[in-house]
Amino acid sequence: MQNLVKHTLYLFLCITGLTAAMTLVGIGYAWFFSEAKELPHLEWLIGSVIVEVVAVILMLAKKGLKYLPDTQTDKEPKDTLKFMESFISTGTSATVVSNRVSWLSANDKLILILQSKIEKGTHVEIITPNEVPEVLREKLNGASFIVTKENVSPEARFTLVNGDRSGAEKLAIARGVHPDHEITIFDNNSGPQIIAMAKDIIRKSKELANAP
């Protein structure tokens with residue numbers, strides 16, 4: 001849905017740009033080739049109106065695009081792993097919420113990136129319903145593994161970076177499977193309420209993991 005809205009805005013801008021170009025061509029033709037009586041300063045008046053309209057449209061479109069989340073659709077698992085490597089590397093903290101961690105266990109490059117971030121002071125959390133293999137715990141020495149021990153695996157799959165920095169958070173939510181694996185990325189412009197809900201899920205998961 002977000003892609004449809006974004007593409008619609010881009011189409012609107014293209015149509016507006018083409019219309020403005022055609023208008024300028026028409027004015028230019030009338031000005032230079034028409035035998036009509038010359039009107040003093042007409043070109044300045046028309047030009048200023050066109051520039052003003054185009055500036056307002058671009059300003060509004062730019063402001064509107066800021067409130068739309070980014071999306072991408074991955075056809076191959078390697079594309080998703082590449083995104084995760086890049087996304088997690090942008091934050092000073094990262095919390096990964098997933099119903100399984102097999103995807104992480106199989107990606108040595110991502111593990112190395114996470115371990116490097118941990119060694120530099122980044123706080124990394126992995127929230128999952130099932131026990132994490134000891135091999136993965138050893139590879140990610142310093143990461144916090146939060147096991148909720150839920151009987152029914154949650155459907156939520158997301159990664160929150162900068163969760164400890166209010167206003168700087170970024171949230172990536174995954175849904176679907178390859179080749180239609182879609183990731184939607186929110187920030188505090190495009191999805192402050194959704195980020196707040198993700199924080200609530202993380203807090204509740206920690207409470208569940210610590211419950212007797």
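These exercises walk through one predicted protein model, each with a worked solution.

The model is predicted, so local features need pLDDT of at least 70, side-chain atom pairs count only at pLDDT 80 or more, and totals for chains, interfaces and linings use all residues. Residues are numbered from 1 along each chain as its sequence is written, and side-chain values use heavy atoms, with hydrogens and water left out.

**Exercise 1. The overall layout**

Task: Find how many helices and strands the protein chain has, and in what order they run.

Solution.
- Step 1. Know the terms. Helices (H or I, at least four residues) and strands (E, at least two) are DSSP runs, numbered from the N terminus.
- Step 2. Count. The protein chain has 7 helices and 7 strands.
- Step 3. Read the order from the N terminus: α-α-β-α-β-α-α-β-α-β-β-β-β-α.
- Step 4. Look at burial. Buried means under 20% relative accessible area, exposed over 50%, and partly exposed in between (1.4 Å probe, protein chains only). Of the 212 residues in the protein chain, 33% are buried.
- Step 5. Look at contacts, meaning heavy atoms within 4.5 Å. Take those between residues at least 6 apart in sequence: 63% of them join residues at least 24 apart.

**Exercise 2. Two helices side by side**

Task: At what angle do helix H3 and helix H5 pack, and which residues make the contact?

Solution.
- Step 1. Locate the helices. H3 covers residues 77-88, and H5 covers residues 108-119.
- Step 2. Read the geometry. Axes are lines fitted to C-alpha atoms, for helices over the stretch in contact, and angles run from 0 to 180 degrees between N-to-C directions. The angle is about 5°, and the axes are 10 Å apart.
- Step 3. Classify. Angles under 35 degrees count as roughly parallel, over 145 as roughly antiparallel, 65 to 115 as roughly perpendicular and the rest as oblique. H3 and H5 are therefore roughly parallel to each other.
- Step 4. List the partners. H3 brings Met84, Glu85 and Ile88, while H5 brings Lys109, Leu110, Ile113, Leu114 and Lys117.
- Step 5. Sort them. Ala, Val, Leu, Ile, Met, Phe, Trp, Tyr, Cys and Pro count as nonpolar, Asp, Glu, Lys and Arg as charged, and the others, Gly among them, as polar. The contact of H3 with H5 has 5 nonpolar, no polar and 3 charged residues.

**Exercise 3. The nonpolar cores**

Task: Which residues have the most contacts inside the largest nonpolar core?

Solution.
- Step 1. Define the core: a set of buried Ala, Val, Leu, Ile, Met, Phe, Trp, Tyr and Cys residues joined through side-chain atoms within 4.5 Å.
- Step 2. Name the residues. The largest core has 25 residues, and Leu104, Leu136 and Leu140 have the most contacts inside it.
- Step 3. Find the suppliers. Elements that each give at least two residues to this core include H3, H5, strand E2 (93-97) and strand E3 (123-128).
- Step 4. Zoom in. Not counting residues up to four places away in sequence, Leu136 touches Val101, Leu104, Ser105, Ile111 and Phe145.
- Step 5. Look elsewhere. Apart from the largest core lies another, of 10 residues, among them Phe158, Leu160, Leu171 and Ile202.
- Step 6. Recall the general trend. In soluble globular proteins, nonpolar side chains tend to be buried together.

**Exercise 4. Two residues with positive phi**

Task: Is lysine 149 buried or exposed, and is asparagine 162 buried or exposed?

Solution.
- Step 1. Check the backbone. Lysine 149 has a positive phi of about 60° although it is not a glycine. Asparagine 162 also has a positive phi of about 60°, and it is not a glycine either.
- Step 2. Place them. Lysine 149 sits in the loop between E4 and strand E5 (158-161). Asparagine 162 sits in the loop between E5 and E6.
- Step 3. Compare with the cut-offs. Lysine 149 is exposed, because its relative accessible area is 61%. Asparagine 162 is buried, because its relative accessibility is 7%.

**Exercise 5. A helix residue and its partners**

Task: Which residues does serine 205 touch?

Solution.
- Step 1. Place serine 205: it lies in helix H7 (residues 192-210).
- Step 2. Check burial. Serine 205 counts as buried, at 11% relative accessibility.
- Step 3. List contacts. Not counting residues up to four places away in sequence, serine 205 touches Ile127, Ile146 and Thr148.
- Step 4. Add a distance. Serine 205 and threonine 128 are 77 residues apart in sequence, with 8.8 Å between their C-alpha atoms.

**Exercise 6. A cis bond**

Task: Where does proline 179 lie?

Solution.
- Step 1. Proline 179 is in the loop between E6 and E7.
- Step 2. The peptide bond from histidine 178 to proline 179 is cis, with omega near 15°.
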